[in-house]
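This report describes the fold, one central helix, the relation between the chains and a few individual residues. The structure is shown first, and the discussion follows.

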2 protein chains.
Amino acid sequence: METSAQLLYLLNKLDKDNHFGFKDELDQSELVQWLFFWHGSGAPYQGNLGFFRRAQEQSPCKFPPIPPSSRPSEMMSTVLIQYPQLVAINRFRKETYRVLGVLELQLSGKYTGQPKDFLAGKGKGIYTVADIGTWAWVKNWPTSGYTAEEMKEFPHLLKWIERIAERPAVQRGIGGKYLLS
Amino acid sequence: METSAQLLYLLNKLDKDNHFGFKDELDQSELVQWLFFWHGSGAPYQGNLGFFRRAQEQSPCKFPPIPPSSRPSEMMSTVLIQYPQLVAINRFRKETYRVLGVLELQLSGKYTGQPKDFLAGKGKGIYTVADIGTWAWVKNWPTSGYTAEEMKEFPHLLKWIERIAERPAVQRGIGGKYLLS
């Protein structure tokens, strides 16, 4: 869980020309805020969502599947009372969804009037280690069990996922060269 | 959850003489690692332990209390099968306990031969924002439901909690002046 510390270390050590960070103190502070935001409020929640989903899959006790079309907020409390095992999944599913919504708000510019291509920086922002740290998790939303229907609430976030995926260096990074086999 | 970002901001902005951080790049990187460690691997786990403990307390479904003397590792799997509501509590209780053990290892110097007064820095270390961010949570171990017996496993951590608590500025900070009333 110190991956974010590594990103800041690499930034300070190797990125003297500020390709992936900022010289400006306030911009850099914004970057660090987004990096911590995902590190503390995103990753542990998406991670625990995965943990409890896997635990459910591996459990000998089977529950009725959550209908794929249901939004987190539509999950019936009666189901939770009958199947308390689902309380944790429900909590982390809802909380991760809420956090994805925070990223959507930032990228959409809903409250600032400034839609952004990347999380931090003036104007449309620049691609920084905040995006790098966050993207590697958020891109896995299908594995976390969210549906395309649910993700339609986050159009700017989906575009951001694609925008970063299209970068040649990102393609190399997630390509066969670094596969753990 | 961006409290750690605030700590780094204050450090950069106001602590020009490095009272609570380091000039040395490697020492500062160590500080940032511990800050992120607690931010991502400590706080969300201790926080969710509290969430699920409160949920259990407020639930109309009551379970047999976990015997106070039992270590997390001694919780019987049979209890978990009978009372699946406890799975989440058990997970976050064990994981937070494990993370407290990581802090104990660092402070004890078990693998380095160098016992430390504070988390980061050469020798015994110095009191930095990594301690500040971590202490504010860890000191609440009784509220998180750990017993004095369990905490005996972490003698260096307990001393570290006391060492920081004794600082006059810390006493002012947690004193009546800043109480939310």
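In which loop of chain A is A:Asn18 found? In this predicted model, A:Asn18 is located in the loop that joins helix 1 (3–14) and helix 2 (25–58) of chain A. Its backbone deserves a remark. Most residues other than glycine have a negative phi. A:Asn18, which is not a glycine, nevertheless has a positive phi of about 55 degrees. In chain B, B:Asn18 occupies the loop between helix 1 (3–14) and helix 2 (25–58), and the phi of B:Asn18 is likewise positive, near 55 degrees. The table sets out these two residues together with a further one from chain B.

| Residue | Location | Relative accessible area |
|---|---|---|
| A:Asn18 | loop between helix 1 (3–14) and helix 2 (25–58) of chain A | 29%, partly exposed |
| B:Asn18 | loop between helix 1 (3–14) and helix 2 (25–58) of chain B | 29%, partly exposed |
| B:Ile132 | helix 5 (residues 129–138) of chain B | 30%, partly exposed |

**Overall fold of chain A**

Chain A contains eight helices and zero strands, giving the pattern α-α-α-α-α-α-α-α along the sequence. Of its 181 residues, 46% are buried. Among the contacts in chain A with a separation of 6 or more, 66% are between residues 24 or more positions apart.

**Helix 4 and its packing**

Helix 4 of chain A comprises 23 residues, 86–108. At 1.5 Å a residue, helix 4 should span 33 Å, and the 32 Å between its end C-alpha atoms agrees with that expectation. Because 18 of its 23 residues are buried, helix 4 of chain A is largely enclosed by the rest of the structure. The residue that follows helix 4 of chain A is A:Gly109, with a positive phi near 70 degrees.

How do helix 4 and helix 7 of chain A pack, and at what angle? The angle between helix 4 and helix 7 (residues 155–165) of chain A is about 85 degrees, and their axes lie 7 Å apart. The two helices of chain A are therefore roughly perpendicular, since angles of 65 to 115 degrees count as such. On the side of helix 4, the contact involves A:Leu100, A:Leu103, A:Glu104, A:Leu107 and A:Ser108. Helix 7 contributes A:Pro155, A:His156, A:Leu157 and A:Trp160. By character, the residues of this contact between helix 4 and helix 7 of chain A comprise six nonpolar, two polar and one charged.

**Relation of the two chains**

Two copies of a chain are related by a rotation about an axis and a shift along it. Here, chain B is superposed on chain A by a rotation of 180 degrees with 0.0 Å of shift along the axis, at an RMSD of 0.0 Å. This is the relation of a two-fold axis. Within chain B, B:Gly40 has the C-alpha nearest the axis, at 2.2 Å from it. As 100% of the interface residues of chain B are also interface residues in chain A, the copies meet through the same surface.

**Surroundings of B:Ile132**

B:Ile132 belongs to helix 5 (residues 129–138) of chain B. Leaving aside residues up to four places away in sequence, B:Ile132 touches B:Leu7, B:Phe20 and B:Tyr127. B:Leu7 and B:Ile132 are 125 residues apart along the chain, yet their C-alpha atoms are separated by 8.5 Å. With a relative accessible area of 30%, B:Ile132 is partly exposed.

Conventions
Residues numbered from 1 in each chain as written. Chains lettered and ligands numbered in written order. Predicted model: local features only at pLDDT ≥ 70, side-chain atom pairs only at ≥ 80, totals over all residues. Heavy atoms only, no water. Helix = DSSP H or I, 4+ residues; strand = E, 2+ residues; numbered from the N terminus. Expected span 1.5 Å × (residues − 1). Buried < 20%, exposed > 50% of the residue type's maximum accessible area, 1.4 Å probe, protein only. Least-squares fit on C-alpha atoms with pLDDT ≥ 70 in both. Contact = heavy atoms within 4.5 Å. Axes fitted to C-alpha atoms, helices over the stretch in contact; angles between N-to-C directions. Parallel < 35°, antiparallel > 145°, perpendicular 65-115°, else oblique. Nonpolar A, V, L, I, M, F, W, Y, C, P; charged D, E, K, R; others polar.
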